[in-house]
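Visitor: Could you pick one spot in this model and take me through it up close? After that, I'd like to hear how the surroundings fit in.

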Amino acid sequence: MLFRSVEFEDMATIDIEEEVKETGAKRQQRQPVLVAKGSLYPLPGFPEYIEGMVKDEEKEFTLSYPDDYRFKELGGKEFSFKVKVVEVKEKHLPDLDDEFVRSLGQSWDDVEALSTAVASNLKKAAEEAAGREYERRVMEAVAGLTKVEFPSILVDQEIDSLLKERDMIFRQQGGLEGYLRSMNKTEQDLREEFRPEANRR
């Protein structure tokens, strides 16, 4: 039987065995993956290796996070993968017409109204992002010129916030405990790595 090969934008269910090269820690799981070109999940470059595979095909490859990855603790870390495609689902999108727009249950009557609303929302989001970036740069400039004493409990609370922000990464590695095992670290090691960033914040 001929199977359709995985293409970008498909949803593929994959058996994944991953190993952290540095520590030898392994993890196996079956999970659905949206094969989106350029996606960083579960690792940068992963979807490009899956593209073209067919059901029941197996493949082995190695990937690493870029040295300048936004989560510094993962920068340069190398992972080896063994994958097997279990199922492939093709995405089918409805026609973008007035009938579909009205079915969304919003106040839009046609495609033009939807387009106007989307453009307005995108503009607003871009303006807000630019404002946040400007505010960040101003705060960094001010922080560089001042010396502030603050209670250590504030730093600990900020470290807790940083841990919550990394939640998706931890879940990919089997939760915080699984992540720490794969990195061969303790929670205290990780908290100390986050301390400079928490102080800056």
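Guide: Let's start with Val 6, which sits in the segment before β1. Strand and helix names here follow DSSP runs numbered from the N terminus, with helices being H or I runs of at least four residues and strands E runs of at least two. Keep in mind that this is a predicted model, so local features need pLDDT of at least 70 and side-chain atom pairs count only at pLDDT 80 or more, while totals for chains, interfaces and linings use all residues. Residues are numbered from 1 along each chain as its sequence is written, and side-chain values use heavy atoms, with hydrogens and water left out.

Is Val 6 buried or exposed? Val 6 is buried, because its relative accessible area is 0%; the cut-offs are under 20% for buried, over 50% for exposed and partly exposed in between, with a 1.4 Å probe and protein chains only. Setting aside residues up to four places away in sequence, Val 6 touches Ala 12, Val 35, Ile 50, Glu 51, Gly 52, Met 53, Val 85 and Val 88, where a contact means heavy atoms within 4.5 Å. There's also a pairing across the sequence: Val 6 and Lys 55 are 49 residues apart along the chain, yet their C-alpha atoms are 8.4 Å apart in space.

Stay in that segment before β1 and you also find Glu 9. Glu 9 isn't a glycine, but its phi is positive, about 80 degrees. Glu 9 counts as partly exposed because its relative accessible area is 35%. Asp 56 does something similar, with a positive phi near 75 degrees in a residue other than glycine. Asp 56 lies in the loop between α1 and β3, and at 44% relative accessibility this residue is partly exposed.

Now step into β1 itself, where Thr 13 has its place. Thr 13 counts as buried because its relative accessibility is 18%. Apart from neighbours within four places in sequence, Thr 13 is in contact with Arg 30, Gln 31, Pro 32, Lys 84, Val 85, Val 86 and Glu 87. Val 85 is thus on this list and on the one for Val 6.

Ile 50, another partner of Val 6, leads us to the largest nonpolar core. That core has 33 residues, and Ile 50 is listed with Ile 14, Phe 46, Leu 74, Phe 81, Val 83 and Tyr 179 as those with the most contacts inside it. A nonpolar core here is a set of buried Ala, Val, Leu, Ile, Met, Phe, Trp, Tyr and Cys residues joined through side-chain atoms within 4.5 Å. Among the elements giving two or more residues to this core are β1 (11–20), α1 (46–50), β3 (58–64) and β4 (78–89). Phe 81 reaches well along the sequence: its contacts, leaving aside neighbours within four places, include Ile 16, Leu 43, Phe 46, Phe 61 and Leu 63.

One more backbone detail: Tyr 41 and Pro 42 are joined by a cis peptide bond, with omega about -5 degrees. Pro 42 is in the loop between β2 (26–34) and α1.

Finally, zoom out. The chain has seven helices and four strands, in the order β-β-α-β-β-α-α-α-α-α-α from the N terminus. Buried residues, like Val 6, make up 28% of the 201 in the chain.
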